[in-house]
Each structure stands twice: as structure tokens, then as C-alpha cells.
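Biologist: Please take a close look at one part of this model, the pairing of aromatic rings, and set it in its surroundings. What does a search of the whole structure find in the way of aromatic pairs?

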Amino acid sequence: MPLYDIEYVTPLTLEQQEQPAIAFTDEHSQRFNTPRFFINVRYTDVSNQVVFRGGPGSNRTKEVYLDHCKQIVTHWERIIGCEDEEGLRTVWVMGALTTALEAGIGRPKTGEENQWIGDNMQNIQALAAAGDEDFVELLHELEEKKQGAI
């Protein structure tokens, strides 16, 4: 079932959430001939959410991801604990992102990040110059990598 997971930082009324949900559902249903009942739209206010971003990915095997999940659990148990409710029960790695559009730029497929950066450098630099903190951070990271700092 398709899930449109909308994260937002500006306050939205129920009507402001409902109207895009209807539009997204209509668009998906018409484009992919999917019953509207199958389509889900979820809104999450992330204005106070803390998110730590990782680095680029690549095409990886199931075994690599399974080992990665085990390591995530190990880190959790070391930092948080594993007694009773402290334990981390489930780790999901969801790599089936069909596509995404962020700041007007289509997101890269897993393993194609470097090509994407090259293809979109002008847009990335323009967004950073306009003060978009995400793209300022991206340029900073790319510069650090170029200098061998990370």
C-alpha cells in the first residue's frame, strides 16, 4: 500500500492536511490505477524532532543490511540498555524509495549519489547561497571529503 509520509515544520490545520491528502490520493489513484482505499497519507510535525543524518548509501546485499541491523542493536544496548523495556525490539532498513523531490531536485537512487551531486551542483550551490541550511551542510561535507577531513 502506498504511503505518503509528510513531515512538516509549519503548523497545519486539519483542513490543510486533508486537502493535500485528497490531492495526493487522487493523483496516485489516477496515475497508477490504484484503489483510493489502498493509499495512505501520514502527517508528522517534525518541528521539534531531532534527526541525525547519515552518509550516502550504495547497492548492498541483504546480508550486509542484516549485519548492519545487528550492529545498530549492539550500539543501542551499549548506550540505552537491554533490560526489560530498554531493549530495541525492531530495526527497519527501508531502502525501497521509489523517488523523491527535495527543494526542486529529484533525489538520487542508492549508489548514484556522486553522479547526482555532480549533475545538480549548480542547484545545490544556489540553494546554499540562498541560505538553505541543508544544502550549506551538504557543501560543507563535500568540501571536508575533498580535503580528506572525513
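Modeller: Helices and strands here are DSSP runs, numbered from the N terminus, with at least four residues for a helix and at least two for a strand. On that basis the chain reads β-α-β-α-β-β-α-α along its sequence, with four helices and four strands in total. The model is a predicted one.

A search of the whole structure finds one aromatic pair. Its members are Y4 and F24, whose ring centres lie 6.1 Å apart, with 35° between the planes. Planes under 30 degrees apart would count as stacked and planes over 60 as edge-to-face, so this pair is classed as tilted. The two residues sit 20 positions apart and link distant parts of the chain: Y4 belongs to strand β1 (residues 3-8), and F24 to helix α1 (residues 14-32).

Neither ring residue is buried, because buried means under 20% relative accessible area. Y4 is partly exposed at 28%, and F24 is also partly exposed, at 32%.

Helix α1 also holds Q17. This glutamine has a relative accessible area of 16% and therefore counts as buried. Leaving aside residues up to four places away in sequence, Q17 touches Y8, L12 and Y43. For the chain as a whole, 14% of the 150 residues count as buried.

Further along is helix α2 (residues 62-79), which has 18 residues. From first C-alpha to last, α2 reaches 26 Å, close to the 26 Å expected at 1.5 Å a residue. Just after α2, G81 takes a positive phi of about 125°.

The pattern ends in two helices. The axes of α3 (residues 113-129) and α4 (residues 133-146) come within 9 Å and cross at roughly 125°, which means that α3 is oblique to α4. The crossing of these two helices is left-handed. On the α3 side the contact is made by W116, I117, M121, I124, Q125, L127 and A128. The α4 side supplies F135, V136, L138, L139 and L142. W116 and F135 both appear in this contact, yet the aromatic pair is the one formed by Y4 and F24.

As for contacts over the whole chain, take those with a separation of 6 or more: 49% of them join residues 24 or more positions apart.

Terms used
Residues are numbered from 1 along each chain as its sequence is written. This is a predicted model: local features need pLDDT of at least 70, side-chain atom pairs count only at pLDDT 80 or more; totals for chains, interfaces and linings use all residues. Side-chain values use heavy atoms; hydrogens and water are left out. The expected span of a helix is 1.5 Å times one less than its number of residues. Rings of Phe, Tyr and Trp (its six-membered ring) pair if their centres lie within 6.5 Å; planes under 30 degrees apart count as stacked, over 60 as edge-to-face and the rest as tilted. Buried means under 20% relative accessible area, exposed over 50%, partly exposed in between (1.4 Å probe, protein chains only). Axes are lines fitted to C-alpha atoms, for helices over the stretch in contact, and angles run from 0 to 180 degrees between N-to-C directions. Angles under 35 degrees count as roughly parallel, over 145 as roughly antiparallel, 65 to 115 as roughly perpendicular and the rest as oblique. A crossing is left-handed if the near helix is turned anticlockwise from the far one by less than a right angle, and right-handed if clockwise. Contact means heavy atoms within 4.5 Å.
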